[in-house]
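Me: Could you take a close look at one part of this protein for me, the hairpin and the loop that comes after? I'd love a connected account.

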Amino acid sequence: MSHPVNTEILENLFENYQIFKVTLKDGIETSSRYFIRDDLNDLVRHDNKSSWSSKEDAKDALNKIINQQLEEMPQPWLNH
């Protein structure tokens, strides 16, 4: 079960990123690639990739990036 604080942290982390589409034309064919940009406007790499062929693949990569960041955050002790 997700904790409300974790949900808020996840939402805040997602706000730091943007997925965008670039259409490439080489005179013969047109193709599209999806990139992830962080809040500093830098391209994000994940699994040695900096672009993905589908928006869904870019979203999956971003989810993995966010989940890894969440796991690396210090966890406060919960007092019950």
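Reply:

**The hairpin and the loop after it**

Happily! S1 and S2 form a hairpin with 4 residues between them, and glycine 27 in that turn has a positive phi of about 90°. This is a predicted model, in which local features need pLDDT of at least 70 and side-chain atom pairs count only at pLDDT 80 or more, while totals for chains, interfaces and linings use all residues. Residues are numbered from 1 along each chain as its sequence is written, and side-chain values use heavy atoms, leaving out hydrogens and water.

Strand S1 covers residues 17–25 and strand S2 residues 30–38; the two pair in the antiparallel sense over 9 bridges. Pairing here requires that DSSP finds at least two bridges between the strands. Within this ladder, valine 22 has arginine 33 of S2 as its bridge partner. Strands are DSSP runs of E with at least two residues, helices are runs of H or I with at least four, and both are numbered from the N terminus.

Now for the loop between S2 and helix H2 (55–72), where asparagine 41 sits. The phi of asparagine 41 is positive, near 70°, in a residue other than glycine. Asparagine 41 counts as exposed because its relative accessibility is 51%; exposed means over 50%, buried under 20% and partly exposed in between, with a 1.4 Å probe and protein chains only. Asparagine 48 lies in the loop between S2 and H2 too, and its phi is also positive, near 60°. With 71% relative accessibility, asparagine 48 counts as exposed.

To place this part in the whole, the protein follows the pattern α-β-β-α along the sequence.
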